[in-house]
Number of protein chains: 2
Amino acid sequence: MPDQHSTLRAQRRAETQRVIQAHAVRLFTGHGYDATTVADVAEAAGVSPMTVYRHFPTKEDLVLVDQHARLVAERIAASSAAQPLVRRIGSALIDAATTLTSGGSGNSGDSPTTNEQFLLARLRLMISTPALRARHLDNNYALQQAIVDALGDGATDSDTAFRTQAAASACLAAMHTALVRWSEDDGRTDLPDVIAKALAAAFGEGVLGTGPDA
Amino acid sequence: MPDQHSTLRAQRRAETQRVIQAHAVRLFTGHGYDATTVADVAEAAGVSPMTVYRHFPTKEDLVLVDQHARLVAERIAASSAAQPLVRRIGSALIDAATTLTSGGSGNSGDSPTTNEQFLLARLRLMISTPALRARHLDNNYALQQAIVDALGDGATDSDTAFRTQAAASACLAAMHTALVRWSEDDGRTDLPDVIAKALAAAFGEGVLGTGPDA
DNA sequence: ATCGTATTGGTAGTGACTACCAGATTGGTA
DNA sequence: TACCAATCTGGTAGTCACTACCAATACGAT
């Protein structure tokens, strides 16, 4: 049965990745991203530089690596097509953020979890390091395409597609602003709330919550 | 008079930069960005690789190099503080785009000028090449900070600053979408119009033009 | 004519990243 | 148990972007 086979392999592989990434983020945070070489990360993780490149295609991916896109796309597809574009996208972003940060225990207010701490450390690196910031923004652009694909009913005309792109890009930009703010607050505020505030600031208070309840 | 002095030097320097960049964009477009080395560009431009690095800090800057930011910031500062945020920023972006593309002759409709052709070639590279796209998006982020600074009356409270950030980022994202669309149309459409359409799609039709005339 | 400065070029080096190849480990099989 | 195939890992050598550090040259001003 190749299922069991690949599952065991995959677990070991995922664990190796986790260890390498943890050491990478720790070193990057401590000594700076540029000042830390891939060889340094490899040595700290107890593997060869080759192995690092096997698991992470580029040095930047040691920090980025998010499956965030899939999460958002799923929520988009599950949302009601009757609502306006910005609300559909905004709600999906907020829901995805809730899933990402809650992790399991409802810690609303302060005391971020270990999972959140790691997320925050990576976020801080992504914001302060030019190369990482650029790559992160490009990932956001890829997410935009995924959202548009999830929204598109297959073959929409060029003009509708353009409007969808514009709405999606603006929503994601607002979310990015929220992420920056959240990291500046060291995760003490509630991420979904910050995203909602950013969306409201950009599109007006009525974008979310004019529907039934809340 | 040191004015004449530096002017002559600056002219020669600007001309050298122009030549290098022209060859770079030509080679990148023809053989691909990644497949073209800086040494190739230097050889085509008739200079040494060192000289290329003297004029352009990174290979990516051979394509990017825009003074767009300054243009936008000026329009922002000159706009009326009475209007809503999104309209102030949106109008500034549209005005700046008008200045950038018009160049001097009123060519509304088709037949892009040589200046526009060069702009389009760079834009196509920026969109299709991952590394350039990432850097371009990061430049947009820097422009966002410039806009916020131009808007901020000095010491605004944290919450107002956050709202400004959110609005500015969303506007710039819409503009980026417009730029993509414009390059897909090979510049046949009017760039300011496309930007206006993108802003309207993201923020609603009423954002621009509810004021007097137009 | 001369001096200071800006521009250019060369050399050597670092570091990210990529083939190309060899050994080791693991899971399933005769 | 012995064997096979796939995967994981490591090493070597090389490309390329980019950076000091240093010499030569051209240019503008006194």
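Helix α3(B) gives the most to the surface near DNA strand C, with four residues. Here a residue is near a strand if one of its heavy atoms lies within 4 Å of it. Helices are DSSP runs of H or I with at least four residues, strands are E runs of at least two, and both are numbered from the N terminus. This is a predicted model, in which local features need pLDDT of at least 70 and side-chain atom pairs count only at pLDDT 80 or more, while totals for chains, interfaces and linings use all residues. Residues are numbered from 1 along each chain as its sequence is written, chains are lettered from A and ligands numbered from 1 in the order in which they are written, and side-chain values use heavy atoms, with hydrogens and water left out.

Stay with DNA strand C. It is surrounded by 21 residues, and the closest are A:Lys59, B:Ser48, B:Thr51, B:Arg54 and B:His55. Of the strand C atoms that come within 4 Å of the protein, sugar and phosphate account for 72%.

Next come the polar contacts, meaning pairs of N or O atoms within 3.5 Å; within protein, one atom must be able to donate a hydrogen and the other to accept it, and residues adjacent in sequence count only if both atoms are side-chain atoms. B:Ser48 places a polar side-chain atom 2.8 Å from a phosphate oxygen of strand C. B:His55 also has a polar side-chain atom 2.8 Å from a phosphate oxygen of this strand. B:Arg54 reaches a base oxygen instead, at 3.0 Å from a polar side-chain atom. Two or more residues of the surface near strand C come from each of α1 (2-31) and α3 (49-55) of chain A, and α1 (2-31) and α3 (49-55) of chain B. By class, this surface has eight nonpolar, eight polar and five charged residues. Ala, Val, Leu, Ile, Met, Phe, Trp, Tyr, Cys and Pro count as nonpolar, Asp, Glu, Lys and Arg as charged, and the others, Gly among them, as polar.

Now turn to DNA strand D. It has 20 residues around it, and the closest are A:Ser48, A:Thr51, A:Arg54, A:His55 and B:Lys59. Sugar and phosphate make up 67% of the strand D atoms that come within 4 Å of the protein. A polar side-chain atom of A:Arg54 sits 2.8 Å from a base oxygen of strand D. For A:His55, a polar side-chain atom lies 2.9 Å from a phosphate oxygen. The backbone takes part too: a polar backbone atom of B:Val38 is 3.4 Å from a phosphate oxygen of strand D. Helices α1 and α3 of chain A and α1 and α3 of chain B each give two or more residues to this surface. Here α3(A) gives the most, with four residues.

Finally, look for enclosed space. A search of the whole structure finds two cavities of 30 Å³ or more. On a 1 Å grid over the protein atoms alone, a cavity is a set of points where a 1.4 Å probe fits but cannot get out, and lining residues have an atom within 4 Å of a point. Grid points are joined across faces, edges and corners, and a volume is the space filled by probe spheres set on the points.

The largest cavity holds about 270 Å³ of space. Its lining has 16 residues, with A:Leu137, A:Ala173, B:Leu137, B:Ser169 and B:Ala173 nearest its centre. Eight lining residues are nonpolar, eight are polar and none is charged.

Note on methods
1 Å grid on protein atoms, 1.4 Å probe; cavity = no way out; pocket = protein on both sides within 12 Å on 5 of 7 lines; lining within 4 Å.
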